[in-house]
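Q: Could you take a close look at one part of this structure for me, the sheet and what sits around it? I'd like one connected walk-through rather than a list.

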Amino acid sequence: MIYAFCVALLRVIYAILFPLKIVGRENVPKEGGVLLCANHISLLDPMTIGIKLKRQVRYMAKAELFNVPVLGWLIKQLGAFPVKRGGVSKESIKTSLNTLRSGHVMGIFPEGTRNSDSGSAKKGAASFALRSGAAVVPAAIIGSYKPFRRMTVVYGAPIDLSAFEGAGSDSLEAVTDVIMGRIHEMISTGKPSSR
């Protein structure tokens, strides 16, 4: 109930400040675990990739954000769970895998931190993808969050990672490259990837 209210409120705010153009929303599966992997350009990204979807998107967020008045409450209502600074704890990994295996949607930013120039990515998203069996959907956030300017969110087709199943940790870098390659392709074209 609170989640629905927060999303409705954010949709109104976004409609005024950052009108969203959504492309490829049908690529997000209607059920089952989904790992939504996106580029990361702003603190607003988690809300941006989630508020126009029919399914709730859960996220990892820095633990200190939960101590910020209003923001901490809001991100908790929107499905965020805390991660301690200095790395992802075993508890956070367990929560993430349980979230995906329970059939929920989890948003993650493979770059790990805000990065406007699309730099290197970490292997966490690849690890969650291979260990959870969730559908991996790439998402591209295009725009600059300048007030009254349109933002675009593009959702690509789920990535087929079957070639990497059972390959172990050696394949994490290759899976990361595949995920980030799809995201960069969609940033460049503004169209959903279909491979």
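A: Let's start with strands S2 (residues 34-38) and S5 (residues 105-108): they run parallel and are joined by four bridges. If you want one pair to click on, take Leu36, whose bridge partner in S5 is Gly107. Keep in mind that this is a predicted model.

Zooming out from that pair, you get an open sheet of seven strands with mixed pairing, and the order reads S1-S7-S6-S2-S5-S3-S4. The edges belong to S1 (20-23) and S4 (80-83); each has a single partner strand, so one side of each has no neighbour in the sheet. Going from one strand to the next, the twist averages 25°.

Now for the helices. Helix H4 (residues 90-101) packs on the sheet, where it touches S2, S3 (57-62), S4 and S5. The direction of H4 makes about 155° with that of S4. Then there's helix H6 (residues 172-189), which lies across S2, S6 (135-142) and S7 (151-155). Against S6, helix H6 runs at about 35°. Strand S2 turns up with both helices: H4 touches S2, and H6 lies across S2 as well.

The loops leading out of these strands have a couple of backbone oddities. In the loop between S3 and helix H3 (71-77) you'll find Val70, which has a positive phi of about 70° although it is not a glycine. Val70 has 67% relative accessibility, so it counts as exposed, the cut-off being over 50%. The loop between S6 and S7 holds Tyr145, another residue other than glycine with a positive phi, this time near 60°. Tyr145, though, counts as buried because its relative accessibility is 11%, and the limit for that label is under 20%.

One last stop, on the surface. Phe5, Leu9 and Ile13 make a nonpolar patch of about 290 Å² there. Ile13 lies in helix H1 (residues 2-17). With a relative accessible area of 36%, Ile13 is partly exposed, so Ile13 clears the over 30% asked of patch residues.

Technical notes
Residues numbered from 1 in each chain as written. Predicted model: local features only at pLDDT ≥ 70, side-chain atom pairs only at ≥ 80, totals over all residues. Heavy atoms only, no water. Pairing = 2+ DSSP bridges. Helix = DSSP H or I, 4+ residues; strand = E, 2+ residues; numbered from the N terminus. Axes fitted to C-alpha atoms, helices over the stretch in contact; angles between N-to-C directions. Contact = heavy atoms within 4.5 Å. Patch = residues over 30% accessible without salt bridge, like charges linked within 9 Å, V, L, I, M, F, W, Y side chains within 5 Å. Areas by Shrake-Rupley, 256 points an atom, 1.4 Å probe, with all protein chains shown as cover. Salt bridge = Lys/Arg side-chain N within 4 Å of Asp/Glu carboxyl O. Buried < 20%, exposed > 50% of the residue type's maximum accessible area, 1.4 Å probe, protein only.
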